[in-house]
Amino acid sequence: MSSAPQAPAATRSSAPEETAATLAALEHSLLDPALPESTRVLLERARDALVASIDEARTARQNYRALFDAVPDPVSIIAWDGTVLDLNKAGMAAYKRPRAEIVGQPIHVLNPDLPRDHMGPVHDALTRGDTYVVEVTNMRADGTRFPVEVHSAAFDHEGERCMVAVARDLSGRHDAELRYRELMETIDRGILVRNADQRIVYANPAAIRLFEVEEGLSLDEELRPERWKVFDEHGRELTEPQLPSMRALQTGEFSASAVLGFYNCRLRRLRWMSVTTVPQFAAGSHRPHQVLSLFSDVTELKRDSALFDRAQALAHIGGWEWDTGRNHLHLTAEARHILGAHPAPETVDDMLACLRDPDRHRLRSALDHAVSSGRSFDLELQGQQMEGPSFWVRFIGEAEPGNPIGSRITGTLQDITERRRSEESLRMQARSDALTGLLNRDAVLHELETRLDDPRRSTLAVLYIDLDRFKVVNDVLGHAAGDRLLASAARRIQRAVGHEGLIARFGGDEFLVVCDCGDEPQRPERLADAILEIFADSFRMDGEEFSITASIGIAQSPIDGLRSQQLIQSADVAMYDSKRRGRNGWQSFTPELAEQQLHRLQLETHLRRAVGNEEFHLVYQPQVRLTDGAVVSAEALIRWRNQSLGEMRPARFIDHAETTGDIVGIGGWVLREACQQMRRWRNDGLGIERIAVNVSYRQFLGEDLASSVAAALAESGIPGSALELEFTERVLIEDVPDTLRTFEILRDLGVVLTIDDFGEGYSALNYLRRLPIHGLKLSQLFVQGVPHNQSDVAVCQAVTGIARSLGLGLVAEGVETELQRRFLLDLGVETGQGFLFSAGLVPDAFRQYCLARGAAMDMTATL
């Protein structure tokens with residue numbers, strides 16, 4: 001483009017004509033003889049001033065034209081509407097047109113490619129007082145084009161807004177840039193250009209080759225500082241601020257031919273390069289905006305220098321060269337240091353002697369192949385220093401390029417001992433349990449599977465060990481103390497087993513021992529006895545003493561399983577049978593246990609479908625006033641009648657349902673059914689004020705219990721005060737914030753809260769003080785022993801005292817004899833239940849029982 005403002009042509013042509021007419025009129029007036037003298041003098045003065053002004057204007061126009069034509073670049077004077085008003089000689093020469101073909105024409109005569117609204121941005125810039133600069137293509141008379149950079153500015157000419165435009169021909173610069181780019185691309189020296197943020201903005205092919213950047217990878221990613229170590233000519237590692245490119249950006253100073261070593265951490269390869277850095281400045285800036293670095297590879301020139309050895313020592317890399325014809329071995333100083341042989345090896349046999357078998361044979365074979373076929377090699381080998389520790393070294397070698405008979409083999413060797421030790425440490429960490437240091441689950445499964453695949457070691461035994469009562473101790477003391485207890489238990493198992501088996505922590509408080517039994521068939525049982533014996537001593541933790549025992553299951557291959565999972569599952573089944581038999585013992589897997597396992601699987605399958613198949617029903621056991629036998633409440637017992645399994649009592653399926661989580665759905669059904677039964681009894685006129693449901697700890701953990709209770713109350717239409725919930729002490733031990741909030745919400749609903757089987761678990765009195773509990777139920781485990789068993793008597797007295805002191809209600813379970821009833825009355829217990837009064841009754845039978853015994857006061861429904 002060529003654009004800049006000036007006055008219209010009409011204004012430029014009319015001004016001289018008016019001046020000439022005025023001068024002629026003055027001369028004519030002075031010829032009049034009748035003109036008064038005073039007027040004559042005034043007109044003469046005006047004439048002389050006008051003549052002087054005309055002479056001055058003529059001189060200014062001559063100076064303007066001389067200066068205008070002296071500018072070496074094309075200059076145009078352009079009206080505000082884009083019409084060309086004037087053009088200098090350089091413009092006529094550049095466009096190869098006479099001035100008359102251009103002046104008076106629109107600017108498109110010089111640049112036909114301009115858009116229709118091209119003057120808009122020009123006017124905006126000039127109106128703000130700025131200079132408008134743009135690169136466009138102008139056209140000569142013969143139609144050829146050439147690139148120009150146009151600078152436009154505004155000025156006023158005879159009251160009109162105009163523009164002056166100077167066009168700089170860029171053809172020469174473009175040619176120079178093209179030649180510069182070709183030079184950059186073809187030169188055999190690496191060139192990198194980085195900006196002020198140290199990001200690479202240009203890299204020529206030679207730089208990509210020198211820095212061994214693979215095709216398709218990011219230059220910034222491959223050349224980032226953490227992937228490289230850089231050494232100065234004295235072998236000292238440079239920090240990032242010390243790099244020449246960083247210094248050039250900071251100081252703006254040129255740096256020539258600095259010799260630096262570049263170590264590629266990924267490829268483990270060192271190159272020495274001569275580096276020249278040139279800071280580059282943007283126009284008008286006093287700080288570099290980028291830096292150009294020129295790299296020349298000088299590695300070959302420094303192979304035998306002390307500087308090369310020093311840098312290799314820092315990177316733990318040594319060089320070696322073997323002349324096969326003379327059987328002469330050359331080692332750099334660092335290579336000799338890595339091998340640690342005295343005197344230094346001078347032949348390949350001397351170097352091989354530094355390695356351990358079979359690695360020396362691997363290197364010998366690789367060298368022979370390199371000599372015979374020119375094949376390169378890259379090996380990681382283990383060596384042994386004389387009277388020193390073992391080490392690991394990476395050998396890289398290749399035949400001399402261009403030598404068809406491979407008479408010279410060169411390469412590097414690097415000390416990788418630290419890396420191999422780190423890898424071994426990481427491998428051990430990946431195989432080890434962080435808490436106990438034993439093998440972890442994945443590692444022992446791999447080892448077991450490997451041994452089962454070995455025909456010589458396929459007669460194996462697996463001991464599955466589970467700590468008895470560990471969860472209670474863990475809940476009481478907290479997880480930190482529980483972790484210390486697990487670590488202590490692991491050490492005991494290690495002492496008991498010794499080197500006779502692999503030991504692993506299989507998960508939680510479960511451990512696995514894998515041992516061979518081909519040479520000693522009784523080894524599994526002997527080890528199990530040793531483990532039980534070592535657990536006979538109590539554990540001391542935080543000043544407390546705990547008795548932790550173990551339950552152990554034993555399974556042997558091939559009779560109990562051919563694969564690892566099958567063998568472990570058999571040992572797990574045997575372990576659970578040991579727990580069922582009373583804990584603190586071991587049990588071997590038997591076909592009978594396999595059958596029991598099958599029955600458990602069948603039970604689980606049918607139990608999962610029981611609610612949907614409407615297989616459950618409730619029966620109610622009355623709770624009575626111990627003084628006169630009047631019914632005050634009742635406990636609802638769940639029953640399960642399955643078409644395949646028959647009638648199932650809770651003892652057969654409740655624990656299993658809690659283990660699998662099915663208890664949540666079953667408990668929800670009991671809650672809804674109990675509330676609906678309460679509604680039906682009230683509709684029948686039975687004066688029952690409250691019914692309660694026993695909830696599992698899993699219902700507190702696995703669902704929104706408060707919402708479920710509120711929904712059951714709303715659905716049945718009974719108030720919260722008509723419902724009582726019973727829960728075991730395990731709910732107390734959990735003591736999570738959600739549990740505490742659930743208690744508060746239930747209390748706000750008016751629901752009565754009672755602890756069932758109080759005294760059987762860990763009775764934390766602090767919880768009784770903090771939680772909104774209404775009552776306790778004295779476990780039948782203690783009631784059955786009174787009044788003759790003094791331990792049971794003491795427990796009953798203690799629980800009664802706790803309830804009385806805290807203002808809690810108390811109900812005794814399992815009352816079966818008259819002696820028990822009188823003992824409880826004397827103790828101050830007012831309410832009881834048991835076979836002395838009635839077994840569980842279906843709803844209609846329970847209603848008749850209540851009517852026969854008198855007014856029914858209170859109802860309780862539990863699982």
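Reader: In what order do the five strands of the open sheet run, and what kind of pairing joins them?

Author: In this predicted model, the order is E18-E19-E17-E22-E23, and the pairing is mixed. The twist averages 20° from one strand to the next.

Reader: What makes strand E18 and strand E23 the edge strands?

Author: Strand E18 (502–507) and strand E23 (585–588) each pair on one side only.

Reader: How do you know that strand E17 and strand E22 pair, and in which sense?

Author: Two strands pair if there are at least two bridges between them. Strand E17 (residues 460–467) and strand E22 (residues 550–556) have seven bridges, in the antiparallel sense; they therefore satisfy the criterion of at least two. Within this part of the sheet, Leu463 stands opposite Ile554 in E22.

Reader: Which strands does helix H18 lie across, and at what angle does H18 run to E22?

Author: Helix H18 lies across E17, E18, E19, E22 and E23 and runs at about 140° to E22. Another helix, H16 (residues 479–497), lies across E17, E18 and strand E19 (510–516), with an angle of about 15° to E19.

Reader: Why is the angle of about 15° between H16 and E19 called roughly parallel or roughly antiparallel?

Author: Angles under 35 degrees count as roughly parallel. H16 runs at about 15° to E19, and the pair is therefore roughly parallel by that cut-off.

Reader: How are H18 and H19 oriented to each other, and why is that term used?

Author: Two packed helices are described by the angle between their axes and the distance between the axes. The axes of helix H18 (residues 564–580) and helix H19 (residues 591–610) come within 10 Å and cross at roughly 90°. The range for roughly perpendicular is 65 to 115 degrees, and H18 and H19 are therefore roughly perpendicular to each other.

Reader: Which residues meet in H18 and H19?

Author: From H18 the residues are Gln569, Val573, Ala574, Asp577 and Arg580, and from H19 they are Leu593, Gln596, Gln597 and Arg600. By class, the residues of this contact of H18 with H19 comprise three nonpolar, three polar and three charged.

Reader: How do the axes of H19 and H20 cross, and how near do they come?

Author: The axes of H19 and helix H20 (residues 650–660) come within 11 Å and cross at roughly 80°. Since 65 to 115 degrees is the range for the term, H19 is roughly perpendicular to H20. On the H19 side the contact is made by Arg600, Leu603, Glu604, Leu607 and Arg608, and on the H20 side by Arg652, Phe653, His656, Ala657 and Thr660. The residues of the contact of H19 with H20 divide into four nonpolar, two polar and four charged.

Reader: What makes the phi of Glu614 notable for a residue that is not a glycine?

Author: Most residues other than glycine have a negative phi. Glu614, however, has a positive phi of about 55°. Glu614 lies in the loop between H19 and strand E24 (616–625).

Reader: Why is Glu614 called buried or exposed?

Author: A residue counts as exposed over 50% relative accessible area. Glu614 has 70% and is therefore exposed.

Reader: What is the phi of Asp757, and how is the accessibility of Asp757 classed?

Author: Asp757, which is not a glycine, has a positive phi of about 55°. This residue is found in strand E29 (residues 752–758). Partly exposed residues fall between 20% and 50%; at 23% relative accessibility, Asp757 therefore counts as partly exposed.

Reader: Why is Arg420 classed as buried, partly exposed or exposed?

Author: Buried means under 20% relative accessible area and exposed over 50%. Arg420 has 23% relative accessibility and therefore counts as partly exposed. Arg420 is found in helix H13 (residues 417–431). Apart from neighbours within four places in sequence, Arg420 is in contact with Glu380 and Trp392. Arg420 and Val393 are 27 residues apart in sequence and 9.4 Å apart in space, C-alpha to C-alpha.

Reader: How do you know whether the peptide bond from His342 to Pro343 is cis or trans?

Author: The omega of that bond is near 0°, and the bond is cis. Most peptide bonds are trans. Pro343 lies in the loop between helix H10 (333–339) and helix H11 (348–352). A cis peptide bond also joins Ser557 and Pro558, with omega about 5°; Pro558 is in the loop between E22 and H18.

Conventions:
Residues are numbered from 1 along each chain as its sequence is written. This is a predicted model: local features need pLDDT of at least 70, side-chain atom pairs count only at pLDDT 80 or more; totals for chains, interfaces and linings use all residues. Side-chain values use heavy atoms; hydrogens and water are left out. Axes are lines fitted to C-alpha atoms, for helices over the stretch in contact, and angles run from 0 to 180 degrees between N-to-C directions. Helices (H or I, at least four residues) and strands (E, at least two) are DSSP runs, numbered from the N terminus. Angles under 35 degrees count as roughly parallel, over 145 as roughly antiparallel, 65 to 115 as roughly perpendicular and the rest as oblique. Contact means heavy atoms within 4.5 Å. Ala, Val, Leu, Ile, Met, Phe, Trp, Tyr, Cys and Pro count as nonpolar, Asp, Glu, Lys and Arg as charged, and the others, Gly among them, as polar. Buried means under 20% relative accessible area, exposed over 50%, partly exposed in between (1.4 Å probe, protein chains only).
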